[in-house]
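Please read this briefing alongside the sequence and the coordinates. Some points concern the sheet, and others concern particular residues in loops.

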Amino acid sequence: MLRTVSGFKEKKLRFSIDGKEFERTILLFTVSNGTTFGGGFVINPFASTDDGLLDVCILKEVSPVMRFWHLPKLRTGAHHTLKACELYRAKQIFIMQTNDLVAHLDGEYIGEPPFEITVRKEGLLVRTPA
């Protein structure tokens, strides 16, 4: 993990959030509807699974040394205070085509952009104990 974190190269990404287009040089681009994943990392600390919205966390350029300094903040969700962090809520996200990026869904490779990502509010019924 240390080698991966220190050696990862930022990539340019073009995307839109609810129709507004962006271009950023990113270290991390995460879309979720929950707060936590990847073994307990709180990437989208303000996400709610039942609000019908997707939460986006973008970490822009961060030097390799500062990545190690800030890594513990990803465990608690405190990274949202960093200047390199942008958080968004959206109904639709579109990631434009690029050959520089690969995407993972819950740790499994799913391919390369383009991707259109949306959420269906209350689209999954879950039975829980009373």
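The points below are grouped by topic, beginning with the sheet and moving on to loop residues. The structure is a predicted model, and its sheet is an open one of six strands with antiparallel pairing.

**The sheet**

- Read across the open sheet, the six strands follow the order β6-β5-β2-β1-β7-β10, and their pairing is antiparallel.
- The edges are formed by β6, which covers residues 85-90, and by β10, which covers residues 115-118, each of these strands pairing on one side only.
- From one strand to the next, the twist averages 45 degrees.
- Strand β1, residues 11-17, and strand β2, residues 20-32, run antiparallel and are joined by seven bridges.
- Within this pairing, K11 stands opposite I26, a residue of β2.

**The loop between β1 and β2**

- D18 is placed in the loop between β1 and β2, and its phi is positive, at about 50 degrees, although the residue is not a glycine.
- D18 counts as partly exposed because its relative accessibility is 45%, a value that falls between the limits of 20% for buried and 50% for exposed.

**The loop between β9 and β10**

- P113 and P114 are joined by a cis peptide bond, with omega at about 25 degrees.
- P114 is located in the loop between β9, which spans residues 108-111, and β10, the latter being one of the two edge strands of the sheet.

**The loop between α2 and β6**

- A78 is found in the loop that lies between α2, residues 64-76, and β6, and H79 lies in the loop between α2 and β6 as well.
- With a relative accessibility of 30%, A78 counts as partly exposed, whereas H79, at 1% relative accessibility, counts as buried.
- The C-alpha atom of A78 is separated by 8.0 Å from that of P45, although the two residues are 33 residues apart along the chain.
- P45 also appears among the contacts of H79 which, once neighbours within four places in sequence are left aside, consist of V42, I43, P45, C57, L59, K73, L74 and C85.
- The side chain of H79 reaches the backbone oxygen of I43 at 2.9 Å, and I43 is also listed among the contact partners of H79.

**Which loop residue is buried, and which are partly exposed?**

- H79 counts as buried because its relative accessibility is 1%, which is under the 20% limit.
- D18, at 45%, and A78, at 30%, each count as partly exposed.

Conventions. Residues are numbered from 1 along each chain as its sequence is written. This is a predicted model: local features need pLDDT of at least 70, side-chain atom pairs count only at pLDDT 80 or more; totals for chains, interfaces and linings use all residues. Side-chain values use heavy atoms; hydrogens and water are left out. Two strands pair if DSSP finds at least two bridges between them. Helices (H or I, at least four residues) and strands (E, at least two) are DSSP runs, numbered from the N terminus. Axes are lines fitted to C-alpha atoms, for helices over the stretch in contact, and angles run from 0 to 180 degrees between N-to-C directions. Buried means under 20% relative accessible area, exposed over 50%, partly exposed in between (1.4 Å probe, protein chains only). A polar contact is a pair of N or O atoms within 3.5 Å; within protein, one must be able to donate a hydrogen and the other to accept it, and residues adjacent in sequence count only if both atoms are side-chain atoms. Contact means heavy atoms within 4.5 Å.
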